[in-house]
Amino acid sequence: MAPKWSFDGSSTGQAKTNDSDTILIPCAIYRDPFRKSPHVVVLCETFHCDGTPTATNYRANCAKVLSKIAHQEPWFGIEQEYTMFDTDMWPLGWPKCRGFPVIKSKFSYCGNGEHIAGRDIVECHARACIYSGMDYEGSNAEVMKGTWEFQVGTTLGIKAADDVWMGRYFLNRIAEHFNTIISYHPKPMGKYQPGIGCHHNFSVKKMRDNGGIREIERVCKILCDKHTKYIKNYGLGDGNENKKRLTGKFETASFDTCKWAVADRGASVRIQRRVMLKGSGFLEDRRPAGDCDPYRVCALLAETCLN
């Protein structure tokens, strides 16, 4: 059992200097892939001494919302994209002297050989995640050279969001050994290159049961009706950087509109063809940015199922 602890929150911007004690409350424990057994890595929430969550602690609210729909068995699967940068702050595998590989990437997605960069890091990350006890689902090379994705879930409740945070931590730690920098910025290389997202797949038992497509469509409608509110919470801060990614190009919908559709990778919220044919399953919200807080996103998705 990990104990509560405290740290100087003023040094991290989470507390004032004259009241800097910030409480760490353990919420998840993982096996340590770096030091190995018996060592562990502990994920914690941060609270002020009066018991209120710090401004950056979105997990507390997410847990509260999910507890209200626990009987509906909420499932989440999260796809975390990212970019690898060399120490010169240019993407891994790109021509030096600030050269671009191609304007339209054709071979990097799920590619190999000269079309990808950083596979050693990806393989190390996969082994670390599996060893730790994460619900690690897999990985693939993404469209822009030097970009990859890892997936967690499908997982019940808040664990998928926990696993994304821990997966990010492991990835950054591993990249240190390769003198590589990891970025989750939604549009790191300008308007002519693909962006970086963090798609969230979501369902409750009613969606997975026979005839669940009606519940899926109901939730899709809510997600679009509340688009303005949601989009502000789907990226770091107020989500403005995400607008650079959501342009209507590179398989995204424009940030100022929202549509849901079947098998359309240009939709804001997508329903897979097989889900429609089966009449039950899940939905995929494609709007969250690579730098989103998954607790914020999961809480908003879960709110659509509150009575």
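I begin with one contact: a polar atom of the K145 side chain lies 2.7 Å from the backbone oxygen of E114. That is a polar contact, defined as a pair of N or O atoms within 3.5 Å; within protein, one must be able to donate a hydrogen and the other to accept it, and residues adjacent in sequence count only if both atoms are side-chain atoms.

Before going on, I should state that this is a predicted model, in which local features need pLDDT of at least 70, side-chain atom pairs count only at pLDDT 80 or more, and totals for chains, interfaces and linings use all residues. Residues are numbered from 1 along each chain as its sequence is written, and side-chain values use heavy atoms, with hydrogens and water left out.

K145 sits in the loop between β5 (136–141) and β6 (147–156); strands (E, at least two residues) and helices (H or I, at least four) are DSSP runs, numbered from the N terminus. K145 is buried, where buried means under 20% relative accessible area, exposed over 50%, and partly exposed in between (1.4 Å probe, protein chains only). Yet K145 has no salt bridge, that is, no side-chain nitrogen of Lys or Arg within 4 Å of a carboxyl oxygen of Asp or Glu. The nearest side chain of opposite charge, that of E114, is 7.7 Å away.

Let me turn to the aromatic residues. The whole structure contains eight aromatic pairs, counted when ring centres of Phe, Tyr or Trp (its six-membered ring) lie within 6.5 Å; planes under 30 degrees apart are stacked, over 60 edge-to-face, and the rest tilted. The F34 and F170 rings are edge-to-face, because their planes stand at 70°, with centres 5.9 Å apart. This pair links distant parts of the chain, 136 residues apart: F34 belongs to the loop between β2 and β3, and F170 to helix α3 (residues 159–177). F170 is buried, at 0% relative accessible area, whereas F34 is partly exposed, at 26%. F170 also forms a tilted pair with Y169, at 6.0 Å centre to centre and 50° between the planes. Y169 is partly exposed, at 36%. F34, Y169 and F170 make up one aromatic cluster.

Finally, the sheet. Three strands form an open sheet in the order β1-β2-β3, with antiparallel pairing; two strands pair if DSSP finds at least two bridges between them. β1 (5–8) and β3 (40–48) are the edge strands, each pairing on one side only. β2 (residues 21–31) runs antiparallel to β3 and is joined to it by nine bridges. Across these strands, P26 stands opposite C44 in β3.

Key:
Lys, Arg positive; Asp, Glu negative; His and termini not counted.
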